[in-house]
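Biologist: I should like a close look at a single part of this model, namely the sheet and what packs around it. Please take me through it in one connected account.

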Amino acid sequence: MLTIDRLTLQLPYYPRWWRREWTTCIESLSLHLQPGEVHAVVGASGAGKSLLAYAIMGLLPQAARVAGELRFQGEDLTPARQRQLRGHQLALIPQSLNALDPLARSQHQVRWAAQRAGFGPSAAHQRADELLSRYQLSHASTHYPHELSGGMARRVLIAMAQVSNARLVIADEPSVGLDPNQRDRVLAALKAIALEGKAVMLITHDLRHALTIADRVSVIRQGQALETAPAQAFQGQGEQLMSCYARDLWQALPDNAFSTHPFHPTHQEPALA
Ligand SMILES: Nc1ncnc2c1ncn2[C@@H]1O[C@H](COP(=O)(O)OP(=O)(O)OP(=O)(O)O)[C@@H](O)[C@H]1O
Ligand code: NI
């Protein structure tokens, strides 16, 4: 569905006001997303995950230098095509809750997203109500963003991304700052989108929670994709993982810290509180 082939992305910076240099934020990154899968893109802060999302959506800063290929459903994702598909076939659930209009009620935010996706006013109305109820937001449909909890605001953004029936949904850190209950609801909503046959790219630094819904995981470090592994490879000591970094990420999870590890006997003894 989406193929990213050796994507390289550079952004300008100015060490002196007259001198422009380039910093490489994404380097020769290749990924392939299939319909029906939740594909987690996991990496530390600053790894280039949000920039990857923007590159796919066509939302990079103008000065960005981009090389490599992006193909969506067999066609090149040119800037013109990205403009055409954005909000229709390609949807982004942005990292920041500030993406919500502070002066608009939930129902209007979702309705406007539906109208941007091509629905007429009454169809948009109906579609928005449907989505709000799917995400248990009917009671909050007249709320403004400041009246929503973090999880509710996140679900409004998911409803907006979903209103168009997009084939590819990119969720950028959708569970940050949520309590476990809200987080599980958001992750379940994303899994449900994939089960409808769409592709979901789940961008996160949280491997543990990504694994609850992911089919495959791509590990990103400093703008490079180190490996893509099936979620099942994250088990035991991570023997099935190719890169040390992915194995370290896996072993660093709290639940794994006390698993038996031949070289660290202290790991065998759970610390006493
Ligand atoms: N507009 C920009 N101009 C210059 N550098 C940028 C810009 N946006 C991001 N960067 C740099 O690119 C790198 C990757 O940023 P990005 O936002 O993609 O990271 P991330 O993996 O999404 O991190 P986080 O988990 O914190 O959201 C960072 O080093 C960041 O400083
Ligand atoms: Ni980010």
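**The sheet and its surroundings**

Modeller: Ala-40 lies opposite Leu-202, a residue of strand β8. The model in which this pair is seen is a predicted one. The pair belongs to a longer match: strand β3 (residues 38-42) and strand β8 (residues 199-204) run in the parallel sense and are joined over five bridges.

Two helices can be placed against the sheet. Helix α5 packs on it and touches β6 and β7 (168-172); the direction of α5 makes about 175 degrees with that of β6. Helix α6 (residues 180-195) also packs on the sheet, where its contacts are with β3, β7 and β8. Between the directions of α6 and β8 the angle is about 150 degrees.

The sheet as a whole is open and has six strands, in the order β6-β7-β8-β3-β9-β10, with mixed pairing. Strands β6 (90-93) and β10 (224-230) form its edges; each has a single partner strand, so one side of each is left without a neighbour in the sheet. From one strand to the next, the twist averages 20 degrees.

Leu-202 reappears in the largest nonpolar core, which has 79 residues. Leu-202 is one of the residues with the most contacts inside this core, a group that also includes Val-110, Ala-159, Val-169, Ile-170, Leu-190 and Val-200. Helix α5 (residues 150-162) supplies the largest share of the core, with eight residues.

Val-110 leads from the core to a further helix. Leaving aside residues up to four places away in sequence, Val-110 touches Ala-128, Leu-131, Leu-132, Val-156, Ala-159, Met-160 and Val-163. Val-110 is among the buried residues of helix α3 (residues 106-116), together with Ser-106, Gln-107, Gln-109, Arg-111, Ala-113 and Ala-114. The cover over these buried residues of α3 includes α4 (121-134) and α5. Just after α3, Gly-118 adopts a positive phi of about 110 degrees.

Finally, there is the ligand. Ligand 1 is surrounded by 13 residues, of which Cys-25, Ser-45, Lys-49, Ser-50 and Leu-51 are the closest. Helix α1 (residues 49-57) gives the most to this shell, with three residues. By character, the shell around ligand 1 divides into seven polar residues, five nonpolar and one charged.

Definitions and conventions:
Residues numbered from 1 in each chain as written. Chains lettered and ligands numbered in written order. Predicted model: local features only at pLDDT ≥ 70, side-chain atom pairs only at ≥ 80, totals over all residues. Near = placed C-beta within 6 Å. Helix = DSSP H or I, 4+ residues; strand = E, 2+ residues; numbered from the N terminus. Nonpolar A, V, L, I, M, F, W, Y, C, P; charged D, E, K, R; others polar. Core = buried A, V, L, I, M, F, W, Y, C linked by C-beta atoms within 7 Å. Buried ≥ 20, exposed ≤ 12 C-beta atoms within 10 Å, placed from the backbone. Contact = placed C-beta atoms within 7 Å. Pairing = 2+ DSSP bridges. Axes fitted to C-alpha atoms, helices over the stretch in contact; angles between N-to-C directions.
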